[in-house]
Amino acid sequence: MLRWLVAVLSHSCFVSRGSRMFYAVRRGRRTGVYRTWAECQEQVNKFPSASFKKFSTEQDAWAFVRGGLPGQQQQQLEPAEVRDPPTVTQENISQRQEPEVNVVCCSTCKRPYEQSTNEEHVPKRVRYDEVYSAPKVSEDKFSYMGDFAVVYTDGCCSGNGRNRARAGIGVYWGPGHPLNTSERLPGRQTNQRAEIHAACKAIEQAKSQNIKKLIIYTDSKFTINGITSWVDNWKTNGWRTSSGGSVINKEDFERLDNLSKGIEIQWMHIPGHAGFQGNEEADRLAREGASKEKS
């Protein structure tokens, strides 16, 4: 019995030592499949919009590199060296506009659940790249990915949809950065307006610093879909939805659309409250802004 147990344990150890992972780089300095993390890291570290994953089989790794679907569930690569900024997951998102009065707000002003209604009958797909490489902090105290400055924005609203709602915006450029912003949202107090206006504030600040390329991290899919996909159809349709209704946040998206001209922006979705510093700091600033009085 003892010999059998020793044999089983020895076989298990041998299998564990013999197992290898394959690191697939779809977008980096050199695409391909690598056998070690160090080789993979050379291709993706500080490369803007790098895209890579690790797999247990070489076949799945090559399928990822070629843009196909591997035969098994992909495993997300999150080494400690590149854990911040956050992982931006690739998502296929159908167009939806979320009624602001149907949002369940939690104690920290953000909503864990959202009830949505269809915005467009013809689905469009918006693709967000997986971004893992850490931004580089330059002498001007801005963080960069390639030649894109990086900023995190967030909005929140306590009592969203109620008469006594309080909304705030947060813009985070980095630790102790002079442009970090915490303000009370002017006008109608809703979470969606706060998310949009936080992005507007970041773009205004970027333009004031003569920044020409900007990456905006936000946990608001509504804001991203609105500015990258829906807004063109709204303008064509006289700011009416495909069902004939009025666009709820017309003035807010008009402002965001106008500000987005003359600057190259990459919109990146980030999961909220997932422990990523930039998003957490922007959320903190937004909550502080909601506690302030209207200016």
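R166 is partly exposed at 26% relative accessibility, where buried means under 20% relative accessible area, exposed over 50% and partly exposed in between (1.4 Å probe, protein chains only). This is a predicted model, so local features need pLDDT of at least 70 and side-chain atom pairs count only at pLDDT 80 or more, while totals for chains, interfaces and linings use all residues. Residues are numbered from 1 along each chain as its sequence is written, and side-chain values use heavy atoms, with hydrogens and water left out. Welcome to a short tour, starting with the charged pair that R166 belongs to.

**Salt bridges**

- R166 meets the side chain of E293 in a salt bridge, at 3.8 Å from N to O; the term stands for a side-chain nitrogen of Lys or Arg within 4 Å of a carboxyl oxygen of Asp or Glu.
- This pair ties together distant parts of the chain, with R166 in strand β11 (residues 166–172) and E293 in the segment after α7 (277–290), 127 residues apart. Helices (H or I, at least four residues) and strands (E, at least two) are DSSP runs, numbered from the N terminus.
- E293, the other partner, is exposed, with a relative accessibility of 61%.
- The structure has 10 salt bridges in total.
- In helix α7, R284 and E281 sit three residues apart, about one turn of the helix, and their side chains form a salt bridge at 2.7 Å, N to O. Both are partly exposed: R284 has a relative accessible area of 32%, and E281 comes to 22%.
- D232, K235 and D257 belong to one network, joined by salt bridges that share partners.
- Within that network, D232 pairs with K235, and their closest N and O atoms are 4.0 Å apart. The two residues lie three apart in helix α5, about one turn of the helix. D232 is partly exposed at 45%, as is K235 at 37%.

**The chain as a whole**

- The protein chain contains seven helices and 14 strands.
- Of its 295 residues, 48% are buried.
- Taking contacts (heavy atoms within 4.5 Å) between residues at least 6 apart in sequence, 68% join residues at least 24 apart.
- The accessible surface is about 15,200 Å², and carbon and sulfur atoms account for 49% of it; such areas come from the Shrake-Rupley method with a 1.4 Å probe, and for residues only the protein chains shown count as cover.

**Confidence**

- Mean pLDDT, the predictor's confidence in each residue from 0 to 100, is 74 for the protein chain, and 68% of the residues reach 70 or more.
- Across residues 69–108, pLDDT stays under 50, and the model has 133 contacts beyond four places in sequence for them.
- Residues 111–134 also stay under 50, with 92 contacts beyond four places in sequence.

**Nonpolar cores**

- The largest nonpolar core has 30 residues, and W173, I203, L214, L256 and W267 touch the most other members. Such a core is a set of buried Ala, Val, Leu, Ile, Met, Phe, Trp, Tyr and Cys residues joined through side-chain atoms within 4.5 Å.
- At least two residues of this core come from each of β10 (148–158), α4, β13, α5, α6 and β14 (264–269).
- Beyond its neighbours within four places in sequence, I203 is in contact with L214, I216, L256, L259, S260, I263, I265 and W267.
- A second, separate core has 12 residues, among them M145, F148, Y152 and M268.

**Helix α3**

- Helix α3 spans residues 58–65, and its buried residues are D60, A61, A63, F64 and V65.
- Those buried residues pack against β1 (22–27), β2 (32–34) and β3 (51–55).
- The N-terminal end of α3 is capped by T57, with a side-chain oxygen 3.3 Å from the backbone nitrogen of D60.
- G67, just after α3, has a positive phi of about 85 degrees.

**Backbone points to check**

- Most residues other than glycine have a negative phi.
- N210 is not a glycine, yet its phi is positive, at about 60 degrees. N210 sits in the loop between α4 (191–208) and β13 (213–218), and is exposed, with a relative accessible area of 55%.
- W239 likewise has a positive phi of about 60 degrees without being a glycine. Its place is the loop between α5 (221–236) and α6 (250–259), and W239 is buried at 11% relative accessibility.

How values were computed:
A polar contact is a pair of N or O atoms within 3.5 Å; within protein, one must be able to donate a hydrogen and the other to accept it, and residues adjacent in sequence count only if both atoms are side-chain atoms.
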